[in-house]
8 protein chains.
Amino acid sequence: GFATLDTDRMRRTGLPEVIYSSGKTVKQVAQIAKRMYQNGMDILATRVTDAMFDAVKEVVPGAQYNPLAKTITYKHSEKKTGKGYVAIVAAGTSDMPVAEEAAETARFLDQKVETVYDVGVAGIHRLFHKLEVIREARVIIVVAGMEGALASVVGGLVDKPVIGVPSSVGYGANFDGLSALLSMLNSCASGVSVVNIDNGFGAACQAALINKLN
Amino acid sequence: GFATLDTDRMRRTGLPEVIYSSGKTVKQVAQIAKRMYQNGMDILATRVTDAMFDAVKEVVPGAQYNPLAKTITYKHSEKKTGKGYVAIVAAGTSDMPVAEEAAETARFLDQKVETVYDVGVAGIHRLFHKLEVIREARVIIVVAGMEGALASVVGGLVDKPVIGVPSSVGYGANFDGLSALLSMLNSCASGVSVVNIDNGFGAACQAALINKLN
Amino acid sequence: GFATLDTDRMRRTGLPEVIYSSGKTVKQVAQIAKRMYQNGMDILATRVTDAMFDAVKEVVPGAQYNPLAKTITYKHSEKKTGKGYVAIVAAGTSDMPVAEEAAETARFLDQKVETVYDVGVAGIHRLFHKLEVIREARVIIVVAGMEGALASVVGGLVDKPVIGVPSSVGYGANFDGLSALLSMLNSCASGVSVVNIDNGFGAACQAALINKLN
Amino acid sequence: GFATLDTDRMRRTGLPEVIYSSGKTVKQVAQIAKRMYQNGMDILATRVTDAMFDAVKEVVPGAQYNPLAKTITYKHSEKKTGKGYVAIVAAGTSDMPVAEEAAETARFLDQKVETVYDVGVAGIHRLFHKLEVIREARVIIVVAGMEGALASVVGGLVDKPVIGVPSSVGYGANFDGLSALLSMLNSCASGVSVVNIDNGFGAACQAALINKLN
Amino acid sequence: GFATLDTDRMRRTGLPEVIYSSGKTVKQVAQIAKRMYQNGMDILATRVTDAMFDAVKEVVPGAQYNPLAKTITYKHSEKKTGKGYVAIVAAGTSDMPVAEEAAETARFLDQKVETVYDVGVAGIHRLFHKLEVIREARVIIVVAGMEGALASVVGGLVDKPVIGVPSSVGYGANFDGLSALLSMLNSCASGVSVVNIDNGFGAACQAALINKLN
Amino acid sequence: GFATLDTDRMRRTGLPEVIYSSGKTVKQVAQIAKRMYQNGMDILATRVTDAMFDAVKEVVPGAQYNPLAKTITYKHSEKKTGKGYVAIVAAGTSDMPVAEEAAETARFLDQKVETVYDVGVAGIHRLFHKLEVIREARVIIVVAGMEGALASVVGGLVDKPVIGVPSSVGYGANFDGLSALLSMLNSCASGVSVVNIDNGFGAACQAALINKLN
Amino acid sequence: GFATLDTDRMRRTGLPEVIYSSGKTVKQVAQIAKRMYQNGMDILATRVTDAMFDAVKEVVPGAQYNPLAKTITYKHSEKKTGKGYVAIVAAGTSDMPVAEEAAETARFLDQKVETVYDVGVAGIHRLFHKLEVIREARVIIVVAGMEGALASVVGGLVDKPVIGVPSSVGYGANFDGLSALLSMLNSCASGVSVVNIDNGFGAACQAALINKLN
Amino acid sequence: GFATLDTDRMRRTGLPEVIYSSGKTVKQVAQIAKRMYQNGMDILATRVTDAMFDAVKEVVPGAQYNPLAKTITYKHSEKKTGKGYVAIVAAGTSDMPVAEEAAETARFLDQKVETVYDVGVAGIHRLFHKLEVIREARVIIVVAGMEGALASVVGGLVDKPVIGVPSSVGYGANFDGLSALLSMLNSCASGVSVVNIDNGFGAACQAALINKLN
Ligand SMILES: Nc1ncnc2c1ncn2[C@@H]1O[C@H](COP(=O)(O)O)[C@@H](O)[C@H]1O
Ligand SMILES: Nc1ncnc2c1ncn2[C@@H]1O[C@H](COP(=O)(O)O)[C@@H](O)[C@H]1O
Ligand SMILES: Nc1ncnc2c1ncn2[C@@H]1O[C@H](COP(=O)(O)O)[C@@H](O)[C@H]1O
Ligand SMILES: Nc1ncnc2c1ncn2[C@@H]1O[C@H](COP(=O)(O)O)[C@@H](O)[C@H]1O
Ligand SMILES: [Mg+2]
Ligand SMILES: [Mg+2]
Ligand SMILES: [Mg+2]
Ligand SMILES: [Mg+2]
Ligand SMILES: [Mg+2]
Ligand SMILES: [Mg+2]
Ligand SMILES: [Mg+2]
Ligand SMILES: [Mg+2]
């Protein structure tokens with residue numbers, strides 16, 4: 001095969017091998033999914049297209065598609081681990097694809113998830129209305145583009161680890177996500193760490209590792 | 001003389017000629033100040049040093065020094081114009097030099113000024129305690145470094161023009177103010193415009209032009 | 001609905017909720033427009049396509065399309081507020097889409113508007129011919145790409161607030177608007193502030209807030 | 001006073017107010033430390049100089065100085081919270097100041113700490129010798145400059161959250177830490193998040209929040 | 001003809017003239033290939049498309065196409081020079097196109113080649129399994145995107161020259177290969193040099209010059 | 001000697017060998033100057049310090065020092081070549097050191113020079129007052145920092161070649177001259193070319209080559 | 001009309017108004033061309049497409065198309081001015097479109113032109129074979145992408161002004177022409193100035209102004 | 001001890017442990033040198049100061065200082081390995097410190113070295129005069145700042161591997177070595193690879209590994 005599946009990864013890192021579909025052909029994605037399905041492995045494919053789902057559902061009966069998140073998931077059985085839930089907070093409606101990638105990934109990693117969307121700082125009262133559900137989480141993912149201010153604001157209001165995901169939403173001097181990235185790296189709130197631009201997947205991986213801690 | 005004073009500037013632009021002391025010698029600053037004093041012009045010098053003030057006070061009796069703002073001011077007579085006041089809001093104590101440069105400039109331009117300092121988003125309740133005085137202003141200057149989120153948050157809470165001043169406060173990936181600059185340029189609040197990094201002076205100039213409108 | 005309209009925004013910030021169509025589908029834009037129309041809200045959609053207008057005009061009779069500005073507008077009734085007018089000055093013919101986005105937005109926000117186009121510094125006499133109408137405005141928006149010099153030149157000639165909009169017009173070392181952005185941020189004229197690259201909308205929002213001041 | 005201590009911060013965010021000494025005078029640092037001492041607050045000052053410690057120890061008997069970390073600490077009483085320990089891993093000897101800032105901060109936040117230094121990828125066998133102590137931690141901080149590869153390597157070997165701290169160690173095309181920062185943000189290991197360049201303090205804050213989870 | 005073939009290049013630099021197809025038309029590529037074929041020159045075309053191969057095979061019977069590497073090759077006769085072989089190591093499956101460009105180029109330059117793919121640092125045990133074949137090479141090419149850590153890790157494990165090829169694989173803050181490029185330039189292993197992003201061709205050229213040394 | 005003087009340069013390029021003093025010791029500069037003096041060569045040293053002049057005047061009687069330009073010059077005999085003169089236009093008083101470096105270099109290269117300083121676009125009427133002397137020149141050098149608009153404005157008013165010299169004057173988002181550099185490279189006036197930031201020397205070299213054309 | 005032709009430009013700047021077609025529709029270009037033709041003006045349109053030429057030739061009989069240069073030209077009568085010729089030197093075959101834009105523009109501006117293509121530093125002997133024709137020119141344009149070294153090499157061999165045009169030819173760390181741009185700005189040869197990336201048009205404008213000097 | 005010497009490095013990578021003195025105290029450097037001396041290890045310290053040498057020579061009799069290279073070396077016995085020699089070519093006199101760091105390192109690694117300095121492209125005939133000694137080398141290091149063109153020119157003239165070292169020599173738009181770095185990475189000559197800015201040490205390490213190949 002063209003790809004060497006790192007089958008030991010789950011045991012070693014607590015995170016399974018996953019299909020990153022960007023730059024792969026429809027055929028390749030379907031083939032890897034089929035192989036994983038036949039080996040009894042659970043399947044998460046990110047950055048998929050509609051065509052990829054059409055091909056995968058032929059070989060993986062019961063595969064689920066989230067067209068906003070651009071993910072395909074299939075789990076042989078469902079269970080929830082972690083003591084609490086992961087809160088996923090997003091600033092605007094345009095940030096929802098990244099937030100949903102995080103949500104799908106977290107659920108795939110057996111996490112309970114609560115989503116709080118469209119609460120950006122342009123109308124900060126919306127955030128305060130949802131503060132309870134955010135504060136009660138064990139770990140919080142904040143997705144925001146443009147000036148990315150939401151990560152700092154949330155970080156200053158909670159006593160839980162905050163993982164910022166800068167999104168590429170915006171134009172001009174957002175430089176494809178650089179503005180939100182720098183914002184979050186320079187957060188004046190001390191408990192905030194950051195992952196790559198648009199990387200909902202990575203944020204959910206770390207959130208799951210945190211929430212799995214006993 | 002080495003510098004051609006643009007004496008017509010006040011009439012043309014509503015803003016007088018001012019001494020930008022960075023890159024000038026102590027002697028040059030004192031000499032220009034003296035010339036302006038003798039011509040009956042009001043004096044504002046920005047980015048001054050202690051030594052510059054020592055030299056200027058010899059030739060301009062009554063000159064005032066703000067060591068935090070790094071400004072020297074002298075006005076032949078005091079008056080206040082503008083219908084209301086300019087609010088100057090700053091995120092952290094380290095942003096105060098820039099905020100004070102703005103305050104001194106605005107006062108020099110005959111503006112009433114209210115300052116609201118140390119209300120950054122790491123503890124956003126502090127901002128809400130001061131919201132009344134901010135909302136009542138006719139124009140608002142917001143100074144913030146690091147992730148510069150305060151400009152967006154204020155912009156989303158008021159119905160007055162907001163002028164953001166990104167400060168160079170921070171280190172590492174703040175890239176000397178770039179993070180706050182990009183943040184403010186990408187503000188999700190629509191009524192925010194921006195001036196150069198650390199440019200308290202320029203923000204106050206625009207604020208004065210706005211507040212002078214009848 | 002997929003989007004939570006911030007219906008309180010007008011009261012809080014003086015600026016209504018608006019449809020930013022980039023990254024939305026034709027169907028989504030039409031749906032939001034319809035909902036706003038039915039709720040008696042005025043409608044401004046920016047960054048629209050021809051197809052979006054075709055869909056919107058089905059559900060919002062009387063909707064207006066400006067194909068240069070890429071805006072759709074609909075107002076239940078017309079009125080003009082503000083004591084004077086907003087002048088919108090553009091350097092070249094290629095800057096007109098951004099300038100028109102500003103003009104449509106300002107008019108939507110009940111402002112009187114005067115436009116002065118194609119007066120860039122390559123032939124600066126063209127600017128001087130129009131100086132009167134610029135100087136009489138209460139607030140001035142200057143749109144320019146390439147070296148963005150026009151904002152500084154205008155800023156040095158008027159005693160009103162100038163809002164610079166760097167445009168992405170140009171190629172090579174303009175780096176998609178960076179050259180004009182840095183130019184305007186470093187304007188040697190003191191009363192100039194800046195919004196994001198190509199952000200005619202934001203400039204008009206701030207201009208309206210300024211002109212609404214009594 | 002010149003600074004408004006955010007005394008509610010501990011309750012709200014789980015992290016106390018701290019003295020960031022960069023850009024403050026010796027006198028200011030000593031004064032704030034004294035005030036906190038008298039109020040019964042624990043003291044952590046980061047980015048201090050020798051002179052600052054000399055001044056602080058006059059007013060805070062028992063204050064501790066870590067000259068490598070550039071920190072002053074004082075705790076009214078010692079306790080350790082968190083179920084396990086924080087591992088702090090550093091690539092080279094030049095990364096030790098940043099690693100020690102993290103270690104001092106974590107201890108100040110009542111964490112047990114294990115340090116594993118000088119195990120960079122230029123001699124990766126050194127890392128494997130220490131793998132046990134790293135894997136047993138509940139959360140891992142990795143400090144590395146130059147190409148910052150260590151964060152990815154550790155991230156691929158453990159099933160615990162990894163917080164990367166890019167250091168500014170290096171020269172030329174490291175662009176003051178940019179190389180390590182971009183490296184860590186693009187880590188091919190999925191459970192890695194990142195804080196600002198040289199921000200040992202922030203990494204320890206998040207590590208403490210994680211380790212405090214029950 | 002539109003291009004002046006530098007026919008002396010082989011004698012002067014040890015590397016023959018080659019067709020860089022990017023930015024050329026199908027017709028141009030076929031025409032140059034034909035001319036070289038008729039002159040008895042060996043042919044290597046890089047960055048080709050399927051259509052280019054279709055056109056070239058009409059005029060160069062026996063031309064070989066590597067669709068992954070995007071290369072066309074034709075050699076009038078085969079021979080292998082160099083005392084040993086060139087090892088080509090790649091981090092992920094997405095790096096294979098660049099690695100294959102290197103492999104095809106090296107073989108075209110009469111080198112024996114061993115490839116070791118999908119051994120990135122996210123699962124570093126995979127690298128150790130293949131260490132023997134890497135260490136026995138006379139020169140090693142390492143292709144990696146994202147954080148590009150593999151070049152440093154390999155550089156710290158072998159006593160042969162390592163040529164790093166940063167790939168543009170990744171997204172967001174990889175800035176089209178910048179992250180891997182800076183990583184490799186700042187390698188903490190001392191025997192590593194670097195070529196342009198995605199430049200498998202250039203790496204193979206230098207590897208061949210090295211391996212041809214007696 | 002430590003430096004190989006390129007004595008043929010004058011004949012080959014029309015420009016003599018010159019001492020670039022930055023990064024050289026006082027002793028080295030004096031030694032090279034002495035050697036050139038004894039060989040009958042004319043001397044131009046740029047970027048000198050006061051101490052360098054003190055040392056040079058000991059060994060080169062009659063050497064001239066321009067402390068603003070930071071140049072030392074010595075010519076065995078004076079003559080003027082070129083049909084007309086070089087105009088050197090500068091925006092602000094802070095740009096004068098760069099402008100004077102250009103002036104001293106041009107004079108050293110036997111050019112007649114006219115200087116027009118402090119005519120930046122913040123008060124553009126000052127430029128119009130001096131337009132005659134600028135238009136009559138055979139070639140024009142324009143020095144400007146901050147937004148560097150002056151080069152475009154002059155370029156749009158004259159029918160002679162304009163060489164722009166971006167200066168590093170400014171702060172914050174001028175990024176040490178980048179703003180003026182990008183401005184001038186994107187000039188909307190077509191006859192403008194650009195040299196390196198602060199490179200008055202290079203601009204004068206090209207101006208001299210132009211003015212020497214018969 | 002949508003564009004205000006600057007009909008005075010020729011008299012004022014020695015360079016006529018020209019159609020920059022990028023961002024204009026086929027119809028707009030044809031319309032402007034027609035208007036200019038009817039007014040007796042000569043026509044140069046740059047950055048045109050095949051479709052634009054098809055439209056223009058309908059309304060401007062005798063219009064010439066250079067598909068490599070992407071220019072349309074029409075002159076009511078031919079004449080050559082300037083005492084000598086402009087040499088246009090290009091590094092590689094991929095740089096020819098930019099070089100041809102320069103050539104067409106220079107000829108349109110009544111200049112004699114000599115072109116010397118495919119003489120880049122990878123085979124520098126090719127340059128030396130053509131040195132005579134380069135040295136005899138009155139002004140030299142050098143087009144080069146990638147490392148842009150050719151401008152410095154030519155600058156060190158001639159006593160005429162050299163105008164460098166960095167081209168965007170290359171990939172990866174050429175960053176769309178930035179590498180060649182920085183190279184040329186830092187040329188160690190003193191008589192080199194630079195225009196925007198890919199700006200053959202601008203280089204030819206300045207070359208014409210230079211060659212027109214008596 | 002504060003540093004864990006990687007004593008196995010020589011066997012594993014063919015390159016011994018070395019003292020990188022930047023960021024270390026005089027005392028630390030002397031202490032490490034002493035320890036290495038007593039263990040019978042050869043000593044190379046890079047980036048040293050005069051004071052460091054004064055301290056080292058007290059504890060390592062016979063230590064050699066190269067004040068230009070900023071290196072201290074001590075070898076228990078001399079031998080030369082490698083079949084031929086390493087040529088080190090530098091563009092200007094200001095590049096000599098970097099070139100000498102490379103030369104000292106190469107000699108320390110038992111290489112024969114030939115240096116060819118001050119042969120930059122501003123006077124390219126100087127390079128041709130020395131071409132024989134460059135072509136006869138087994139591997140060539142090219143040091144150049146500013147536009148870094150020398151690496152490409154040499155690469156196009158020889159059939160041996162060329163390692164480019166971009167130097168930080170220059171100012172303004174050289175951006176501390178970025179211009180030369182990008183130049184060399186985009187070299188149009190195919191056999192050129194690159195190390196970090198100013199990294200003479202690393203270039204010599206790779207050159208030694210190459211020349212040691214049998
Ligand atoms: N052209 C524009 N540029 C920047 N912001 C805009 C533009 N048009 C609309 N907006 C803002 O975008 C908001 C809608 O964003 P969303 O919730 O993502 O639909 C509006 O309320 C405006 O504040
Ligand atoms: N080394 C550090 N890096 C980043 N933030 C810090 C550091 N040390 C302290 N801080 C933060 O800075 C705040 C104090 O900032 P200030 O109000 O400017 O004194 C503290 O409450 C911490 O949240
Ligand atoms: N290829 C080109 N690059 C840069 N500027 C150009 C080019 N072609 C034309 N121009 C300039 O663009 C102007 C027309 O711009 P516009 O008013 O936007 O049509 C002309 O008068 C020229 O000065
Ligand atoms: N000038 C230099 N540039 C880059 N790396 C160096 C230099 N000199 C020494 N080194 C490397 O730095 C290592 C020592 O780093 P450290 O453990 O921080 O003292 C040595 O083993 C070399 O591999
Ligand atoms: Mg919304
Ligand atoms: Mg504070
Ligand atoms: Mg026009
Ligand atoms: Mg070490
Ligand atoms: Mg893989
Ligand atoms: Mg002035
Ligand atoms: Mg060629
Ligand atoms: Mg020299």
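Which atom of ligand 4 is 2.7 Å from an N or O atom in the side chain of H:Glu17? An oxygen atom of ligand 4 is the partner of H:Glu17 at that distance.

## Basis of the model

This is a predicted model, in which local features need pLDDT of at least 70 and side-chain atom pairs count only at pLDDT 80 or more, while totals for chains, interfaces and linings use all residues. Residues are numbered from 1 along each chain as its sequence is written, chains are lettered from A and ligands numbered from 1 in the order in which they are written, and side-chain values use heavy atoms, with hydrogens and water left out.

## Ligand 4

Ligand 4 lies between chains D, E and H. It has 14 residues around it, and those that come nearest are D:Tyr171, H:Arg9, H:Glu17, H:Lys24 and H:Thr46 (a residue is near a molecule if one of its heavy atoms lies within 4 Å of it).

Besides the pair with H:Glu17, two polar contacts involve nitrogen of the ligand (a polar contact is a pair of N or O atoms within 3.5 Å; within protein, one must be able to donate a hydrogen and the other to accept it, and residues adjacent in sequence count only if both atoms are side-chain atoms). A polar side-chain atom of D:Tyr171 is 2.7 Å from a nitrogen atom of ligand 4. For H:Thr46, a polar side-chain atom lies 2.8 Å from a nitrogen atom of ligand 4.

## Ligands 2 and 3

Ligand 2 is placed between chains A, B and D. Of its 14 surrounding residues, B:Tyr171, D:Arg9, D:Glu17, D:Lys24 and D:Thr46 come nearest. The side chain of B:Tyr171 has an N or O atom 2.7 Å from a nitrogen atom of ligand 2. Two further residues of chain B pair with oxygen: a polar side-chain atom of B:Thr93 lies 3.4 Å from an oxygen atom of ligand 2, and an N or O atom in the side chain of B:Ser94 is 3.4 Å from an oxygen atom of ligand 2.

Ligand 3 sits between chains C, F and G. It is surrounded by 14 residues, the closest being C:Tyr171, G:Arg9, G:Glu17, G:Lys24 and G:Thr46. A polar side-chain atom of G:Arg9 lies 2.6 Å from an oxygen atom of ligand 3. From chain F, a polar side-chain atom of F:Ser190 lies 3.1 Å from an oxygen atom of this ligand. With G:Val18 the pair uses the backbone: a polar backbone atom there is 3.4 Å from an oxygen atom of ligand 3.

## Interface of chains G and F

Chain G and chain F each give 34 residues to their contact (contact means heavy atoms within 4.5 Å). The size of an interface is often given as the accessible area lost when the parts come together. Between chain G and chain F the buried area is about 2700 Å², and carbon and sulfur atoms give 57% of it (buried area is the accessible area, with a 1.4 Å probe, that two parts lose on being put together, summed over both). G:Leu185, G:Ser190 and G:Leu213 supply 21% of the area that chain G buries against chain F, more than any other three residues.

The count between these chains is 0 salt bridges (a side-chain nitrogen of Lys or Arg within 4 Å of a carboxyl oxygen of Asp or Glu), whereas 18 residue pairs are in polar contact across the interface, both residues at pLDDT 80 or more. On the side of chain G that touches chain F, at least two residues each come from α1 (9–13), β8 (162–166), α8 (178–185), β9 (192–194) and α9 (200–212) of chain G (helices, H or I of at least four residues, and strands, E of at least two, are DSSP runs numbered from the N terminus). The largest share, 6 residues, comes from α9(G). By class this side has 16 nonpolar, 12 polar and 6 charged residues (Ala, Val, Leu, Ile, Met, Phe, Trp, Tyr, Cys and Pro count as nonpolar, Asp, Glu, Lys and Arg as charged, and the others, Gly among them, as polar).

## Symmetry of chains G and F

Chain G is superposed on chain F by a rotation of 180° with 0.0 Å of shift along its axis, at RMSD 0.0 Å (least squares on the C-alpha atoms of residues with pLDDT of at least 70 in both). The two copies are thus related as by a two-fold rotation axis. The same surface serves both copies, as 100% of the contact residues of chain G recur in chain F. G:Val194 comes closest to the rotation axis of the residues of chain G, its C-alpha at 2.5 Å.

## Other chain pairs

Chain A and chain D each contribute 34 residues to their contact. The area buried between chain A and chain D is about 2700 Å², with 56% from carbon and sulfur atoms.

No contact joins chain B and chain E, whose closest C-alpha atoms are 13 Å apart. Chain A and chain H are likewise not in contact, and their closest C-alpha atoms lie 21 Å apart.
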